[in-house]
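User: I am new to this structure and would like a close look at how its helices pack against each other. Please also place that packing within the parts of the chain that have a record.

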Amino acid sequence: MKTIRLTVAQALVKFLDNQYVSVDGQEIKFVKGIFGIFGHGNVLGLGQALEQNAGDLEIHQGRNEQGMAHAAIGFAKQSLRQQIYACTSSIGPGAANMVTAAATATANHIPLLLLPGDTYATRQPDPVLQQVEQPHDLSISTNDAFKPVCKYWDRVTRPEQLMTACINAMRVLTDPADTGAVTIALPQDVQGEAYDYPDYFFTKRVHRIERQIATEESLQDAVELISAAKKPLLICGGGLKYAQAGDILSQFSEKFAIPFAETQAGKGTLVSEHPYNVGGIGETGCLAANTLAKEADLIIGVGTRYTDFTTSSKWIFQNPDVKYVNINVSRFDAFKLDGVQVVADAKQALTALGDKLNTTGYRGGWADEIQSVQNEYIKERQRLYAVEFNEKEFVPEIDDHLPREQVFKEFQALTDSVLTQTRALGMVNDLIPENSVIVGASGSLPGDLQRIWKTRSPNSYHVEYGYSCMGYEVNASLGVKLANPEKEVFTLVGDGAFMMLHSELVTSIQERQKINVIVFDNMTNGCINNLQMEHGMDSFYTEFRFRDQRSDRLDGGFVPMDFAKIGEGYGCKTYRVTTVEQLKAALDDAVKQDCSTVIDVKVLPKTMVHKYFSFWRVGVAQVSESDRINEITKVINEKVSQSRQY
């Protein structure tokens, strides 16, 4: 047996550089590169290995460990899970910063490889710098925090363990049904230890991402349910997009006259103007899809996890006889809502199901209702895109008990802006290049986007909503740009999420990978402010206000921010927008730039989109001194009683 003497870190780099996937016969290099922030726990191990010979791996310098890991997630998601970046950090706070990103990846079924440094396997210098000592268990380190949020976790305490750790990591990362975050913790002394590795460990490996085939029995069960349905509704989840099944979805819906609604992950599989696309569904769903959802007697969920936002906490499907067909490569997800389980690849299953249905002559029974709800939806979107502020008669979309006249005057005095959020969003939708990719994740914007954003090209809608992680937006946009360097990438982010984390905006400047960041600034965590007030509370610590010395609460004046100046300090081309004309000029100019841009758009509070016929179960006080809260709690309890229980 021929061997190669390498350190653990050198062997790891050599292994990663030789991993490929094969999708429908196309071979793709799986690990494109590594994002790294180097400290004492990895710089002389993995850092030395990368300096010595990184092979064809691209190396990027991150600014914040969570931020760079979000960039890696954005890259993998936009690459339809066919290519990844690994991420390395030092021990302690560097590793801990990546835990949030690991959870984001796992919740969204996105492959993410994390390579944090770890404490010494020998324990000789313990407690090493940044080590958290647990007297009851000296084997625990910060990296154990990754276990609950990873699909695979390992710690390499001996050089020879690297081989099985790497093989298992690839098993999980390339498995469509079970992918997510993978952590291989690397004690800093072990990283530098030498070992005679067998040469076959470094041979080129091609991991076939194969399309799981549905069983005949499950297909027949599905055909029987569909054949008996008068008003079936298909839900397009992220699994359809990752399976690259857009063409099959189009053919299936048209052939059998079955409308399809979209989840956040599934939106953009087909363009919004498809004749059977009725838009986003659920708590952040649109007028068309949610209207049909109430009547549907069969839900065909394809590649969806059936989150509470998709199902409105299992409430929105109100037909008492509604049944479910669940097509999913994950057996776990296929079992949800007690439906017929078709455990298979979305593209393969829809194709096979279509072949069987074709022999029955089946057509859905919605008749003109699909076109009717689409027409109403288009009118509603046009109305929202045209909403302008009128000082005397203006009523915001979210018309709760906030003293809006006072708030609007205060906001205008600080910003000189009367722009509404929906008008600004509509302008962005209409004016950016058709093949641009938009990125979002948290706050009110994902709701607005799922409800009224018009996708004009496939795979141009990139919203992380499995974990709805504040701070994902800007950082993931760098990963999206790395995946699609030929496209303009626009980050749509609220002021709260921008302040939470935007570290890799600097990396985009450093790498000359241009992204366009549009900050919607309403001086509020508006989504949560809406939530608390809708459920009977007053505005409580969700607006960005100074502390008032009289009340000793954060209910003084608004805290103004100049996000354009922040971007300017980083080296971005920036714009401050308070009018329709300024927004148009900024968008026109931004696409002409070679460097990253920041467009600071001041938008009036409460001018986002309201919900359509949906319900979302949140924890509410079952007893309160507030009559408003007590009344709303009664309503919540009634809605819960109408919901499916499991």
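Analyst: What follows goes through three helix contacts, the annotated spans around them, and a few local details. The model is predicted.

The helix pair α1 and α5 comes from two separate stretches, with α1 at residues 8-16 and α5 at residues 161-173. Their axes come within 11 Å and cross at roughly 30 degrees. Angles under 35 degrees count as roughly parallel, so α1 is roughly parallel to α5. The crossing of these two helices is right-handed. On the α1 side the contact involves V8, A11, L12, F15 and L16, and on the α5 side L162, C166, I167 and M170. By class, the residues of this contact are 9 nonpolar, with no polar and no charged ones.

The UniProt record, in an unreviewed entry, lists residues 31-131 as "domain: Thiamine pyrophosphate enzyme N-terminal TPP-binding". That span is 36% helix and 23% strand, and its end C-alpha atoms are 30 Å apart. A cis peptide bond is found between D126 and P127, with omega about -5 degrees. P127 sits in the loop that runs between β7 (112-118) and β8 (152-155).

Next come α7 and α13. Helix α7 covers residues 216-228 and helix α13 covers residues 346-358; their axes are 10 Å apart and the packing angle is about 60 degrees. That angle makes α7 oblique to α13. Here too the handedness can be stated: α7 and α13 cross in a right-handed way. From α7, the residues E216, L219, A222, V223, I226 and S227 meet A349, A352, L353, K356 and L357 of α13. The contact divides into 8 nonpolar, 1 polar and 2 charged residues.

For residues 219-353, UniProt gives "domain: Thiamine pyrophosphate enzyme central", again from an unreviewed entry. The chain over residues 219-353 is 38% helix and 20% strand, and the end C-alpha atoms of the span lie 6 Å apart. Q244 has a phi near 55 degrees, which is a positive value in a residue other than glycine. Q244 is located in the loop between α8 (238-242) and α9 (246-256).

The last helix pair is α16, residues 421-431, with α17, residues 445-452. The two axes come within 11 Å and cross at roughly 60 degrees. As a result α16 is oblique to α17, and the crossing is right-handed. Q421, T422, L425 and N429 of α16 make the contact with L445, D448, L449 and I452 of α17. This contact has 4 nonpolar, 3 polar and 1 charged residues.

A third UniProt span, residues 443-601, carries the name "domain: Thiamine pyrophosphate enzyme TPP-binding" in an unreviewed entry. It is 38% helix and 16% strand, with its end C-alpha atoms 16 Å apart.

Charged side chains add another kind of link. In general, side chains of opposite charge can pair when their charged atoms come close. With a limit of 4 Å between a side-chain nitrogen of Lys or Arg and a carboxyl oxygen of Asp or Glu, the count comes to 30 salt bridges. One of them joins the side chains of E397 and R383, at 3.1 Å from N to O. R383 belongs to helix α14 (369-385), while E397 lies in the loop between α14 and α15 (404-415), so the pair ties together parts that are 14 residues apart in sequence.

Notes. Residues numbered from 1 in each chain as written. Predicted model: local features only at pLDDT ≥ 70, side-chain atom pairs only at ≥ 80, totals over all residues. Heavy atoms only, no water. UniProt positions renumbered as here; feature names shortened; annotations may be inferred. Helix = DSSP H or I, 4+ residues; strand = E, 2+ residues; numbered from the N terminus. Axes fitted to C-alpha atoms, helices over the stretch in contact; angles between N-to-C directions. Parallel < 35°, antiparallel > 145°, perpendicular 65-115°, else oblique. Left-handed = near helix turned anticlockwise from the far one by under 90°. Contact = heavy atoms within 4.5 Å. Nonpolar A, V, L, I, M, F, W, Y, C, P; charged D, E, K, R; others polar.
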